[in-house]
Amino acid sequence: QVQLVESGGGLVQAGGSLRLSCAASGSTFRVNAMGWHRQVSGKQRELVAGITSGGSTNYADSVKGRFTISRDNAKNTVYLQMNSLKPEDTAVYYCRADTWQIYGGLPYWGQGTQVTVSS
């Protein structure tokens, strides 16, 4: 099992910044890629950014140039630096950890952290 705990959400004005953290614990050797998703009430959860164990990254078009994902493998932690925040970035942000196929390839999810951007 892998446990994920997010932190860093909150209320910020448009144009401001926040940094989300997600710490993994448990069987972290099973973790391959990690990422951040977000969900607005009544809408589907969407990918914000992902990062592989080797450090390759991908981003949703809506956040490119504003958000940066990174990870510290020694600390089993993934970060999401969010700059130039917009009201439309308001959502619950979830951390995801994918396991290697040899361990089933199943994803684990954090409990979510609220990000609210005021205009």
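These legends go with a set of close-up views of one predicted model.

**View 1. An aromatic pair joins F29 and Y103.**
Welcome to the one aromatic pair counted in this predicted model. F29 and Y103 meet edge-to-face, with 5.5 Å from centre to centre and 75° between the planes. F29 belongs to the loop between strand 3 and strand 4, while Y103 sits in the loop between strand 9 (91–99) and strand 10 (107–109), so the pair ties together parts that are 74 residues apart in sequence. How accessible are the two partners, F29 and Y103? F29 is exposed, at a relative accessible area of 53%, whereas Y103 is partly exposed, at 35%.

**View 2. A nonpolar patch on the surface includes F29 and Y103.**
Pull back from the ring pair and a patch comes into view. Four residues make it up: F29, W100, I102 and Y103. Together they offer about 470 Å² of accessible area. F29 therefore appears twice in this set of legends, as a partner in the edge-to-face pair and as a member of the patch, with 53% relative accessibility that counts as exposed because the cut-off is over 50%.

**View 3. S27 lies in the same kind of setting as a loop residue, but is buried.**
Now look at the loop between strand 3 (18–26) and strand 4 (31–39), where S27 is found. Is S27 buried or exposed? S27 is buried: its relative accessible area is 17%, and the limit for that label is under 20%. Leaving aside residues up to four places away in sequence, S27 touches Q1 and V2. F29 is found in the loop between strand 3 and strand 4 too, yet F29 counts as exposed at 53%.

**View 4. Arginines R19 and R45 each lie over a tyrosine ring.**
Two views of a charge over a ring share this panel. R19 lies over the face of Y79, 4.0 Å from the ring centre. In the other, R45 lies over the face of Y94, at 3.7 Å from the ring centre.

**View 5. A74 is an exposed residue in a loop.**
A74 is found between strand 7 (67–72) and strand 8 (77–82), in the loop that links them. What is the relative accessibility of A74? The value is 75%, so A74 counts as exposed. For a sense of distance, take W109 as a reference point: A74 and W109 are 35 residues apart in sequence, and their C-alpha atoms are 20 Å apart in space.

Key:
Residues are numbered from 1 along each chain as its sequence is written. This is a predicted model: local features need pLDDT of at least 70, side-chain atom pairs count only at pLDDT 80 or more; totals for chains, interfaces and linings use all residues. Side-chain values use heavy atoms; hydrogens and water are left out. Helices (H or I, at least four residues) and strands (E, at least two) are DSSP runs, numbered from the N terminus. Buried means under 20% relative accessible area, exposed over 50%, partly exposed in between (1.4 Å probe, protein chains only). Contact means heavy atoms within 4.5 Å. Patches are made of residues with over 30% relative accessible area and no salt bridge: like charges are joined within 9 Å, nonpolar side chains (Val, Leu, Ile, Met, Phe, Trp, Tyr) within 5 Å. Accessible areas come from the Shrake-Rupley method with a 1.4 Å probe; for residues, only the protein chains shown count as cover. A salt bridge is a side-chain nitrogen of Lys or Arg within 4 Å of a carboxyl oxygen of Asp or Glu. Rings of Phe, Tyr and Trp (its six-membered ring) pair if their centres lie within 6.5 Å; planes under 30 degrees apart count as stacked, over 60 as edge-to-face and the rest as tilted. A charge sits over a ring if NZ of Lys or CZ of Arg is within 6 Å of the ring centre and within 35 degrees of the ring normal.
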